[in-house]
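This report concerns the ligand site, the internal spaces and the backbone geometry of one protein model. The sequence and the three-dimensional structure are shown first.

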Amino acid sequence: MSPPGAFASHAAMPESMAEGRAAPMAGPAKAPAKSPAKSPAQKALEKLGLRRDIDLALHLPLRYEDETRIQRLIDVRDGELVQFEGQVTHSEISLRPRRQLRVTVDDGTDSCVLRFLNFYPSHQKTLSVGAQVRVRGEIRGGFVGREMVHPSFKLAGGELPGALTPVYSTVAGLPQAYLRKAVLGGLARADLSETIPAPFLSQMRLQPLSSLREALQFLHHPRPDVALAALEDRSHPAWQRLKAEELLAQQLSQLQARRIRAAMRAPALNGQSRAGGQPSLQAQLLERLPFSLTAAQQRVGVEIEADLKKNLPMHRLLQGDVGAGKTVVAALAAARCMDAGWQCALMAPTEILAEQHFRKLIGWLEPLGIKTAWLTGGQKTKERREMLALIASGEAGLVIGTHAVIQDKVVFKNLALAIIDEQHRFGVAQRLALRSKMTDDGQEPHLLMMTATPIPRTLAMSYYADLDVSTLDELPPGRTPIVTKVVNDARRDEVIGRIQGQIAEGRQIYWVCPLIEESESIDLVNATQTHADLSAALPGVLVGLLHSRMPPAEKKAVMALFTEGLMGVLVSTTVIEVGVDVPNASLMVIEHAERFGLSQLHQLRGRVGRGAAASACVLLYSTGDAPRLGQTARARLKAMAETNDGFEIARRDLEIRGPGEFLGARQSGAALLRFADLTTDAELLAWAREVAPVMLDQYAGLAQRHILRWLGGKAEYLKA
Ligand code: ADP
Ligand code: MG
């Protein structure tokens, strides 16, 4: 039944085991056919992002299996992945401990029992007594001798491959054998002609393999005598070549995006005093603020102003720790924009946050005669229509809202500045959409992005070469540092006791509930339960519940009660994660803290410590059935307990997770590096940074081909 030359594999094998094994019983794997109807495997390929031949060629093996040799059972150790040939000496279906096929194979040096918990008649047929078979699997010391569970097998004999067998990362519905053929096909068809000019190649200190084709062919099918360590740690010349190409593509595309932007025009927002000799809005706003700006806020303000005065679109990231005071910086930029007679839009990732900005900015700006429009998804049609009219006529100088701000229907009269708060929460497509709200004469708005998740410098250099960065490295005065305690969930009652104490002092408490699964409904059950528990444990205290499934009006009502100080405890899922500002809240309890990411924990913690009172954060953890917490969870909680500094947190986060995931979580849209690693490939990065501008100038055609090859459709996103 199995195709000649292919190992039969076990149909009921768990996905993890099946990986790397042979074709399913269903029949020989075919390379993707060119028929219009897509097979499930083709869809799975697309899901992996493997659309073009070059994408397939760049889908590199996770690891390799050595099928190039036949081993002797007597020479191999338990736990090794082994391939051997021998004769079936015994075959039976045993019913205990459960129904299974047990086959003994003897290779003349030793014997091994193959066990199959699920099997087909074809298994029995191929593995009948007397048959010579080739078997591959992990060998274990079993109860009564050595055994393999669910090994792959086929009839013995036949040629041994000359190269290691690649094992690719795959998804459900995409058998390894199918993927292998698809990759092989892609590799054969892809245009792998040289794009890097020879003088640049020779500038590299490490000598990579001479061509991309050679490097890829090698990495997909390495010779068995290769030093596997050099493949694993990616130091092999073939890897060097690939990483150099990838880094070059990244630098080229960012440089190109920067140049494209440099050719675009934006309104120059020069400061003006108002009609009738009145001071500018900005000056009036500064005058009215209940505090004076920190030195960091002033410095950053100057940087932004300098950009806004130019007729080039600003593309600036304002990073500053939670509570550093980014909002007022944004408000001052908005005032500058309106002073010049243009509109400004402020977009926030959640309705709660947008609403909070709205209130705060209204409080500051309406007394100065500025009209502010409010846009959100949950808005009534009539109100929405009114708002759209205000925006189109230009009557509203400032527009605040959620994603609703970038919808097609929203037409600005003259948008000159777009501010995106907590930019990492927005997708790239949304940022692009905001920027596409161009003015009539084709000018682009200036873009100011704000984030409380700072980017460590090494990453900023390579991923955000296309971005100017301003940093608020100072907190407003009078903040008391937050004390963070990591507490076992078994001591929950003590924590509740502590809440009572805080309430008695007139303070308010956030209690954030676990993110048990990706499923919101399960989170909800948890939050609801905790809400009930706390309500019972704290008689006389108003305990509120907030979660993302609530209708907006209800959320608003709960939030209002908490903001006004009428509610003692707010139990919530992570909807409060970003930006909420209630200075009287001084205790944050995070349940199942071990399940949160580091930057998320830091964001959550930033909800307290906003007033003058000493604040605390309690990270409740639970090890579940395990004796202790996993290593990375422990590292995260430890980092939280040890530092309040967002930059240090970001650095540790990067250390714990590695750049790929770190950036992935930010939805940065910068093409993530798949192969290169900034910590180990600094030298290649330096090379790419040096070469990219020259290549763009002198070899424009090659540069375009190189970008397209590596980034394909993603190149557009780099402009965001
Ligand atoms: P974030 O950077 O996290 O967005 P916010 O802009 O919400 O921080 O500011 C946090 C709090 O600090 C707000 O209540 C804000 O009014 C206050 N604040 C901002 N700047 C100053 C300052 N220079 N002095 C005192 N308080 C400030
Ligand atoms: Mg904020």
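The sections below treat the ligand, the cavities, the largest pocket and two points of backbone geometry.

## Surroundings of ligand 1

The model is predicted. In it, 17 residues surround ligand 1, and those that come nearest are Gly323, Lys326, Thr327, Arg479 and Asp581. By class, this shell comprises five nonpolar, six polar and six charged residues.

Two of the nearest residues also make polar contacts with ligand 1. A polar backbone atom of Gly323 is 2.6 Å from an oxygen atom of the ligand, and a polar side-chain atom of Lys326 lies 2.7 Å from an oxygen atom of the ligand. A further contact involves Lys360, where an N or O atom of the side chain is 3.3 Å from a ligand oxygen. Ligand 1 taken alone exposes 570 Å², of which the protein buries 87%.

## Cavities

Three cavities of 30 Å³ or more are present in the structure. The second largest of them has a volume of about 60 Å³. Eleven residues line this cavity, and Thr453, Pro454, Ser599, Gly646 and Ile649 are the closest to its centre. Two elements each give two or more residues to the lining, namely α20 (598-605) and α22 (646-657). The greatest contribution is that of α22, which supplies four residues.

The lining of the second largest cavity is divided into five nonpolar residues, five polar residues and one charged residue. Where does this cavity lie with respect to domain 2 and domain 3? Residues of both domain 2 (275-472) and domain 3 (482-643) take part in its lining, and the cavity therefore lies between the two domains.

## The largest pocket

The largest pocket encloses about 880 Å³ of space. Its lining consists of 34 residues, and the closest to the centre of the pocket are His59, Leu60, Pro61, Leu62 and Phe675. The elements that contribute two or more residues to this lining are β1 (63-65), α8 (228-232) and α25 (700-711).

In terms of residue class, the lining of the largest pocket contains 17 nonpolar, six polar and eleven charged residues.

## Backbone geometry

Most peptide bonds are trans, and most residues other than glycine have a negative phi. Two places in the model may be read against this background.

The peptide bond that joins Arg96 and Pro97 is cis, with omega at about 0°. Pro97 belongs to the loop between β2 (81-94) and β3 (100-106).

Arg234, a residue other than glycine, has a positive phi, with a value near 60°. The position of Arg234 is in the loop between α8 and α9 (237-262). The helix α8 that precedes this loop is also one of the elements that give two or more residues to the lining of the largest pocket.

How values were computed:
Residues numbered from 1 in each chain as written. Chains lettered and ligands numbered in written order. Predicted model: local features only at pLDDT ≥ 70, side-chain atom pairs only at ≥ 80, totals over all residues. Heavy atoms only, no water. 1 Å grid on protein atoms, 1.4 Å probe; cavity = no way out; pocket = protein on both sides within 12 Å on 5 of 7 lines; lining within 4 Å. Points joined across faces, edges and corners; volume = space filled by probe spheres on them. Nonpolar A, V, L, I, M, F, W, Y, C, P; charged D, E, K, R; others polar. Domains from an automatic or database assignment. Near = heavy atom within 4 Å. Polar contact = N/O pair within 3.5 Å; in protein donor to acceptor, adjacent residues only side chain to side chain. Areas by Shrake-Rupley, 256 points an atom, 1.4 Å probe, with all protein chains shown as cover.
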